[in-house]
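Q: Please take a close look at the salt bridges in this structure and what surrounds them. I am new to it, so a plain account is enough.

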Amino acid sequence: MPVRPEPVVEVAFDGLRRSRRHPAGPALRCARVVRYRPDESAAEADTVASVRELATAEGL
């Protein structure tokens with residue numbers, strides 16, 4: 001059964017590091033759910049690509 005991208009949550013994290021375990025690339029340090037976002041749709045959520053861009057901007 002495929003996973004449906006609902007609900008949308010806001011995630012806070014303390015930093016990014018390069019992951020040696022996950023093939024996606026960067027890992028969020030101390031990630032935690034801040035709140036559910038019923039006002040946002042899954043189409044508006046960040047993607048792995050946008051996290052990679054953030055990691056690149058931070059020099060990872």
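A: A salt bridge is a side-chain nitrogen of Lys or Arg within 4 Å of a carboxyl oxygen of Asp or Glu. Side chains of opposite charge can pair when their charged atoms come close. The model is predicted, and a search of the whole structure finds five salt bridges.

Some background on the chain helps to place them. The protein chain has four strands and one helix. Along the sequence these elements come in the order β-β-β-β-α. The C-alpha atoms fill a box of roughly 30 × 25 × 20 Å along the principal axes. As for charge, the protein chain carries 10 positive and 9 negative side chains. The centres of these two sets lie 12 Å apart.

Now to the network. Salt bridges link Glu10, Arg35, Arg37, Asp39 and Glu40 to one another in a network. One of the pairs is Arg35 with Glu10, where the closest N and O atoms are 2.7 Å apart. Arg35 belongs to strand β4 (residues 32-36) and Glu10 to strand β1 (residues 9-12), so this salt bridge ties together parts that are 25 residues apart in sequence. Both ends of the pair can be placed by their accessibility. Arg35 has a relative accessible area of 44% and is partly exposed. Glu10 also counts as partly exposed, at 27% relative accessibility.

Another pair in the account is Glu40 with Arg37, whose side chains meet in a salt bridge at 3.1 Å, N to O. Here the two residues fall in separate classes. Arg37 has a relative accessible area of 17%, and it is buried because that value is under the 20% cut-off. Glu40, at 28% relative accessibility, counts as partly exposed. For the protein chain as a whole, 12% of the 60 residues count as buried.

A further salt bridge joins Arg32 and Asp14, with the closest N and O atoms 3.4 Å apart. Arg32 lies in strand β4, while Asp14 lies in the loop between β1 and β2 (15-18), so the pair ties together parts that are 18 residues apart in sequence. Arg32 is partly exposed at 41% relative accessibility. Asp14 counts as exposed, with a value of 55%.

What else is found on these elements? Strands β1 and β4 are the elements that give two or more residues to a nonpolar patch. This patch on the surface is formed by Val9, Val11, Phe13, Leu28, Val33, Tyr36 and Leu54. Together these residues have about 590 Å² of accessible area. Phe13 of the patch lies in the loop between β1 and β2, and at 31% relative accessibility it counts as partly exposed.

Two totals complete the picture. The protein chain exposes about 5,200 Å², of which carbon and sulfur atoms supply 53%. Among contacts in the protein chain with a separation of 6 or more, 45% are between residues 24 or more positions apart.

To return to the request, the network contains Glu10, Arg35, Arg37, Asp39 and Glu40. Within it, the salt bridge of Arg35 and Glu10 ties strand β4 to strand β1.

Notes: Residues are numbered from 1 along each chain as its sequence is written. This is a predicted model: local features need pLDDT of at least 70, side-chain atom pairs count only at pLDDT 80 or more; totals for chains, interfaces and linings use all residues. Side-chain values use heavy atoms; hydrogens and water are left out. Buried means under 20% relative accessible area, exposed over 50%, partly exposed in between (1.4 Å probe, protein chains only). Contact means heavy atoms within 4.5 Å. Accessible areas come from the Shrake-Rupley method with a 1.4 Å probe; for residues, only the protein chains shown count as cover. Lys and Arg count as positive and Asp and Glu as negative; His and the chain ends are not counted. The place of a charge is taken as NZ of Lys, CZ of Arg, CG of Asp or CD of Glu. Patches are made of residues with over 30% relative accessible area and no salt bridge: like charges are joined within 9 Å, nonpolar side chains (Val, Leu, Ile, Met, Phe, Trp, Tyr) within 5 Å.
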